[in-house]
Every structure is written in structure tokens, then in C-alpha cells.
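Here are some notes to read with the model open beside you. Take the points one at a time, and find each residue on screen before you move on.

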Amino acid sequence: MGKTTKKSAKKFASSGQLKKTIESRRKHQQAKKKIQSRRGAKGKGKEREIANDNDATSEEEDVEEPNKKDKSRVKSVDDFLGAKFMEDDDEEDGEEDDEQPDSEENGNEESIADDQSFASIDDLEDEGTAHVAELSKLAEKDPEFYKYLQENDKELLEFDPNQSDEDEDEDEQIDQDGDTDMDAESTPILTNEILQKWKKALLEHRSLRALRRLLIAFRSAAHMNEEDQVLAWSIDSSMMYRKLITTTLRFTPIVLEHHLPYKILPNGKFKPPAQSPKQRTIQKLVLSYFNNIIHLIPQLTDNEMIQLSLTESAKILPYTITSRKSVKAYLKRCLELWSTAEDSVRIAAFLAIRKLASSHDDTILDIVLKGAYLELVRSSKSTSVHKLPSINLMKNSASELFCMDHATAYQHAFGYVRQLAIHLRNSMKTKTKEAYKLVYNWQYVHSVDFWSLVLARACSLETQVERGQESELKPLIYPLVQVSLGAIKLVSNARSFPFHLHIIRFMLHLSRHTKTFIPLSSYIVPIITSALAFKKPKSSTLRPFDFDSNIRAPSQYLKTRVYIDGLVEESTFVLAEWLASPPIQGSIAFPEVIVPVVVTLRKALKSARSASQGALGKEIGMVKGLVERAEESAKWIEQERKGVGFAPGETAEVERWESALKVDESPLAKYVKVQQKARAKRKSLVDKAAKGEDEILDD
């Protein structure tokens with residue numbers, strides 16, 4: 001071994017690698033000392049060899065002394081990582097805590113051979129001796145079971161720990177040979193037999209030693225295409241590469257759960273394992289593995305492998321949550337996949353993000369919520385028919401994150417809703433085209449939609465009953481509605497009507513789920529009356545205007561029949577949905593509420609008949625049908641409230657009557673259901689035609 005050291009020192013002296021080689025050998029010798037002391041010094045020859053190695057390196061102690069100091073410093077920082085008083089220390093210590101795990105991996109592990117990394121893990125494992133001691137006591141404690149084992153499983157009773165040590169010696173010899181080969185610029189090739197041997201040790205004994213070797217091989221796979229990396233294993237086939245990645249991802253969480261179980265609190269959040277010397281030692285290995293996964297994910301091209309890496313890496317988050325720098329890097333990778341990958345990978349990335357947000361540490365949840373919202377806003381800058389489903393998926397999944405902890409989510413929601421209000425105020429003050437663009441853009445639209453989804457989910461009656469109290473987010477309903485209605489009033493020309501309909505739909509969704517009355521009729525009826533005011537719409541060959549993927553109508557659509565037809569159809573349907581919603585249709589005052597709406601629409605219909613001379617027959621028929629259904633529903637409510645014996649001031653009785661009313665049986669509710677089915681069928685036919693499945697669209 002001494003000769004090898006001299007040889008490598010001479011070899012690397014010219015390239016400036018002598019110091020790294022000396023540190024590598026020194027740490028390798030310390031690992032061998034620990035192995036020999038644990039096994040009881042099996043031979044004097046080995047002791048002499050170690051002594052000779054120490055003599056051979058004694059001349060270089062001046063170079064190694066700083067390394068000893070660094071090691072002691074690292075050890076003290078590792079103790080600090082798991083200390084309970086971490087929160088009471090100053091911010092500088094916190095920054096050192098965040099950066100330490102990555103500096104260990106990038107510094108120490110790159111300067112030494114991988115087969116020498118984390119050798120202290122082996123000291124935690126003494127399974128063979130303990131197993132023999134248990135078997136020796138079994139004959140005294142449970143003679144019947146011992147006799148059963150003699151008859152059915154003699155191999156278990158004849159277990160020889162020395163044989164295991166011999167197997168380990170073989171593995172160590174492979175590692176040492178690999179180290180020698182590495183010095184000769186070659187690395188051992190990982191074979192299926194070696195991988196199966198590690199897998200067997202993991203399954204049968206939950207061996208930490210096998211886990212260490214497996215993770216070292218995994219690191220070689222993650223960095224195999226990099227030039228400046230010292231790797232312990234060489235992988236010569238794609239099949240072996242896939243087997244190694246799959247085995248490591250699947251079995252590492254199982255072994256860690258066996259040795260370091262973590263707690264899941266009653267509220268569903270997880271707590272890291274208790275602090276102990278074993279936990280601190282294993283955590284170094286786990287952090288290295290976790291950073292290797294983060295490094296590996298962008299290199300994977302197979303969606304199944306990416307999905308597997310996200311699913312399995314989420315299971316080791318309780319062991320890595322203390323490394324803030326690694327958590328942020330992992331969150332960044334997940335957010336990238338959540339916003340750009342295919343649906344199956346996006347869902348796996350979201351589940352990993354939700355697992356990260358389930359930490360008992362509220363600061364982690366803050367990082368997750370902020371990152372998810374900013375990623376959503378960045379992804380929604382441009383919206384098209386093809387991109388809209390993925391943005392909707394992001395909004396729905398992100399709203400689930402914000403509903404995990406309402407108190408923490410309130411701080412973020414308050415700040416971001418206030419941001420929307422500031423943009424609106426600046427646009428109202430300046431009144432220029434550039435100022436209006438701060439509000440009339442897709443990011444603003446999707447932000448309003450997102451917060452309406454969050455508040456509708458968090459403040460619904462079902463959530464309130466489940467939590468047993470009102471949500472902390474409920475006070476934000478009023479400011480969000482005010483901001484949304486203010487955005488509608490900012491610009492009120494015909495080109496902006498698609499934007500208005502988007503905002504109205506979001507408010508309708510919020511009103512329906514929170515049972516909050518929002519006066520939307522005063523913003524929908526003007527759209528209908530302005531569309532009916534055109535005397536003779538221009539005919540055109542333009543295709544039907546898509547209100548779902550546009551917030552502003554192109555100039556060529558203005559005053560055309562195709563645009564007016566779509567505008568009346570959309571606004572009439574939205575008004576019907578608002579009238580049929582529980583806060584309106586379920587109100588005992590419904591006949592009085594719809595009076596202004598019915599009067600205004602009948603007046604617009606009368607003017608349209610005389611002015612258009614039959615040019616708007618289809619549009620007039622749609623509006624007339626809605627007015628008739630609304631009047632029938634008003635008569636239905638009047639019939640239901642005939643036998644009421646309480647006054648309007650008795651709110652408790654009024655609420656009891658409204659809760660007992662079956663809104664779905666009203667004429668207006670039935671009308672809306674028919675319209676929804678017709679629209680869904682038409683949309684399905686259009687989608688099929690766009691994909692080329694059906695060339696002919698039947699009405």
C-alpha cells in the first residue's frame with residue numbers, strides 16, 4: 001500500500017494533484033483502521049501493514065494537518081445541523097447550516113475516491129453478531145420455536161457471521177482493487193451479479209453497508225458523463241444503467257425507513273427522525289444521494305424514469321428537510337417539471353411538491369407556496385387553446401397547496417391580491433394604453449382566476465364543516481371581488497367584452513361555492529344590450545370567435561354577425577348561470593331581485609325587433625327564452641313562499657327556509673342544465689373535428 005501511495009504521489013505531482021491524493025489516502029487508511037478495530041484485528045500482518053502505511057505518510061503530516069482541522073470543523077457543524085437550538089442562533093450560523101451539506105458533497109467527495117466515501121456507515125452495522133446472540137438465547141427462551149427452526153430452517157441456525165465478513169472482505173477487496181485500478185486510470189465495471197448481491201443484502205438484512213455501496217454506484221451513474229469526476233464504478237450498458245437507477249430509487253427509502261423511522265403528525269405533516277449519532281452519520285449519506293437525484297433528473301429522458309425518480313425521492317424528504325439549500329434545488333426541479341412536462345410527470349412533480357409542503361416546518365411551506373405561485377404566473381404569460389389545459393391543471397393543483405394551511409396561505413394571498421389592486425389603481429390613474437396592459441393581460445386574468453379558486457375551495461361550506469371553523473382566508477373575498485369588478489369597469493368597449501366574461505365567470509364560481517351574493521347582473525346585462533343594439537351586423541367568413549382562449553377581440557371581428565352571435569350566446573348563458581346559482585335562485589327574494597334584469601332585457605328586445613328588422617332573430621330568441629325562464633322561476637318561488645308566516649327581519653327563519661328549498665327543481669335550473677349539455681356536446685364535436693376524427697359536425 002505504501003508503494004502505491006508513492007507511485008500515485010509521483011504520478012500526480014506534475015499535475016498539481018498531490019495534495020488531493022494525500023488526503024484521499026489518509027481518509028482511506030482511517031476507514032481501514034475503523035474496519036479492523038470493529039472486527040477485532042483479525043491478523044497482525046494487517047496491523048503491520050497499517051503501521052507501515054502510517055509511517056509512509058508521517059512525512060506528509062504538515063500537509064494533512066489542515067485537513068484534520070477541517071474534519072473537526074465539519075463534525076461540529078454536523079452536530080449543529082441537528083441541534084434543537086438552531087433557531088435561536090444568529091442568521092450567519094443559519095446560512096452555514098444551509099450551505100454545509102452541499103459543500104461536503106462538492107468538496108470532500110470530489111477530492112476522494114467514491115469507494116472511500118462515508119466509510120463510517122459500516123461502523124453502524126453489527127447485524128451478524130447480534131443475530132447470533134439472539135439465536136443462542138432462543139433455545140432457552142422458546143424451546144418449541146427453536147425445535148421448529150431445527151426441523152424447517154437449519155440454515156438460519158447455522159448462520160456464520162464470519163462468512164458474512166468473508167463476503168464483505170471480497171467486496172472490500174473489489175473496492176480496493178477498484179481504487180488501484182482508478183489510479184491506473186480505469187474503474188471496475190458494475191455487473192448484474194454485484195448489483196443482485198447488494199439487492200439481496202438490502203432485502204434480507206436492510207444492510208447499511210450495501211446501501212452505501214449502492215449509493216456510491218448511483219453517484220457514478222449520475223456523474224458518468226462528466227470529465228472532472230472521480231468515479232468508483234463504470235457502467236457499460238444502458239440496461240445496467242436503468243437497473244442501477246431503478247434499484248437505488250426503490251430500495252433506499254425502504255432501508256432508511258427501517259433504520260430511521262420518522263413521525264407523521266395527526267394533521268398529516270411529517271417530522272424528521274429524532275437526533276442521534278446514527279442519524280447524523282446516515283444523514284450525510286442521504287444528503288449526498290439526494291443531491292445526486294437532483295443532478296440526475298434533468299439528464300433523464302424517459303417519462304417513466306422521471307416519474308419514478310420524483311415519486312421515490314419524495315419518500316426521503318423527511319431525512320433531507322434540514323438542508324435548506326438542497327430543498328430549494330429540489331423544489332426548483334419539481335416546479336420546472338410541473339410547468340413543462342407531460343401530464344403524468346406533472347402530476348408526479350406536484351405530488352412531490354405537496355409532500356415537501358407537508359413538512360412541520362412552516363418556512364418550508366412558505367418557500368413552496370411562493371415558488372408555486374410565481375411559476376404559475378410565469379407559465380401563464382401566453383395562453384393558447386393548446387396551453388390552456390396545462391395552465392388549468394397548474395391552477396387547480398396549486399390551489400390545493402394553498403388550502404393545506406389557511407393561516408400561512410393568508411399572508412401570501414393578501415400580498416398578491418394587494419399587488420393586483422396596485423396594478424389596477426395605477427391603470428386607473430394613468431389611463432393610457434400601456435397602463436391598461438398592466439390589467440388587460442393573461443397573467444392578470446389567471447391570477448384572478450387562481451385566487452377565486454383558492455377562496456372558493458377554502459371558504460366553501462363543506463370545508464367549513466370539515467374544519468369546524470371559518471377559514472382565515474374568508475376576509476379576502478371582499479377585496480378580491482372589488483379588484484375584479486374594478487378591472488371590468490376599467491375599459492368598457494366591445495373589444496374588451498371577452499375579458500369581462502372571463503372575470504365574471506371567476507366571480508360566479510366564487511359566489512356559487514361560498515354562497516356569497518355578488519351583483520354580477522349589472523356587468524352582464526350591458527353586454528347583451530350593446531350586442532342587440534347593432535342594426536345590421538356585417539356578414540363575414542371568419543371562424544367562430546373562441547371566448548375561452550381570447551381576452552380581446554381582433555378589430556376584424558367587430559360588428560360582424562359571427563362575433564355578435566357568440567357574444568349574445570356567451571353572455572346569455574353566463575347570466576342564466578348567475579340567476580340559477582344558490583345565492584340568487586335560492587333566495588326568498590328572487591322575484592324582487594330579477595325585476596331590474598327582466599325590465600332592462602325586455603326593453604332591449606323591443607328596440608332590437610324594431611331596429612334590426614329581423615336581422616337579429618336568433619339572438620333575440622336566445623334572450624327571450626332566458627327572460628321567460630326567469631319569470632317562470634319567479635312565479636315558482638312565489639308559489640313556494642305562499643305559506644310563509646315569518647317576517648323578512650327574522651333572518652334565522654329566512655335561512656332555514658332557503659336551506660330547505662330545492663333549487664334544482666326550478667324552471668331556470670332545468671333550463672341551465674339543458675344549455676350545459678348542448679354546449680358540452682358541441683364542444684366535443686369541435687374537438688373531434690380539430691383532431692380529424694369527424695369531418696362533419698351535426699347540429
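1. Start with Lys515, which sits in the loop between helix H25 (497-514) and helix H26 (521-532). Keep in mind that this is a predicted model. The phi angle of Lys515 is near 60°, a positive value in a residue other than glycine. With 41% relative accessibility, Lys515 counts as partly exposed.

2. Now move along to Lys559, in the loop between H26 and H27. Here too phi is positive in a residue other than glycine, with a value near 65°. Is Lys559 buried or exposed? At 51% relative accessibility, Lys559 counts as exposed, because the cut-off for that word is over 50%.

3. Helix H27 covers residues 561-580, and its length can be checked with simple arithmetic. At 1.5 Å a residue, its 20 residues should span 28 Å, and the C-alpha atoms at its ends are indeed 28 Å apart. Of those 20 residues, 18 are buried, so H27 is largely enclosed by the rest of the structure.

4. Helix H19 (residues 388-402) passes the same kind of check: 15 residues should span 21 Å, and the end C-alpha atoms are 21 Å apart. Its buried residues include Leu388, Ile391, Met394, Leu401 and Phe402, but also Lys395 and Ser397. What covers them? The cover includes helix H16 (324-340), H17, helix H18 (362-379), helix H20 (406-430) and H22.

5. Two serines are good places to look at packing. Ser484 belongs to helix H24 (residues 477-490) and counts as buried, at 0% relative accessibility. Setting aside neighbours within four places in sequence, Ser484 is in contact with Val448, Ile503 and Met507. Ser447 lies in helix H22 (residues 442-458) and is buried as well, with a relative accessible area of 6%. Beyond residues up to four places away in sequence, Ser447 touches Tyr373, Val377 and Leu420.

6. Next, the salt bridges: how many are there in this model? The count comes to 22. In one of them, Arg242 pairs with Asp302, and their closest N and O atoms are 3.1 Å apart. This pair links distant parts of the chain, 60 residues apart: Arg242 is in helix H12, while Asp302 is in the loop between helix H13 (277-296) and helix H14 (303-314). Arg242 is partly exposed, with a relative accessible area of 36%, and Asp302 counts as partly exposed at 29%. Arg242, Asp302 and Glu304 are linked in a network of salt bridges.

7. Compare that with the salt bridge between the side chains of Arg324 and Asp361, at 3.1 Å from N to O. Arg324 is in helix H16 and Asp361 in the loop between H17 and H18, so the pair ties together parts that are 37 residues apart in sequence. Arg324 is buried, with a relative accessible area of 19%, whereas Asp361 is partly exposed at 22%. Lys437 and Glu434 form a salt bridge too, with the closest N and O atoms 3.7 Å apart, and both of these residues are exposed.

8. What about the cysteines? The count of disulfides is zero. Take Cys459 as an example: its sulfur is 8.3 Å from the closest cysteine sulfur, in Cys403, which is too far for a bond. Cys459 is buried, with a relative accessible area of 8%. Cys334 is also buried, at 1%.

9. On the surface, look for Ile347, Leu351 and Leu393, which make a nonpolar patch of about 230 Å². Leu351 lies in helix H17 (residues 343-357) and counts as partly exposed, at 42% relative accessibility.

10. Finally, step back to the whole protein. There are 33 helices and two strands, and 46% of the 699 residues count as buried. Among contacts with a separation of 6 or more, 75% come from residues 24 or more positions apart. The accessible surface comes to about 36200 Å², and carbon and sulfur atoms account for 51% of that area.

Note on methods
Residues are numbered from 1 along each chain as its sequence is written. This is a predicted model: local features need pLDDT of at least 70, side-chain atom pairs count only at pLDDT 80 or more; totals for chains, interfaces and linings use all residues. Side-chain values use heavy atoms; hydrogens and water are left out. Helices (H or I, at least four residues) and strands (E, at least two) are DSSP runs, numbered from the N terminus. The expected span of a helix is 1.5 Å times one less than its number of residues. Buried means under 20% relative accessible area, exposed over 50%, partly exposed in between (1.4 Å probe, protein chains only). A disulfide is a pair of cysteine sulfur atoms within 2.5 Å. Patches are made of residues with over 30% relative accessible area and no salt bridge: like charges are joined within 9 Å, nonpolar side chains (Val, Leu, Ile, Met, Phe, Trp, Tyr) within 5 Å. Accessible areas come from the Shrake-Rupley method with a 1.4 Å probe; for residues, only the protein chains shown count as cover. A salt bridge is a side-chain nitrogen of Lys or Arg within 4 Å of a carboxyl oxygen of Asp or Glu. Contact means heavy atoms within 4.5 Å.
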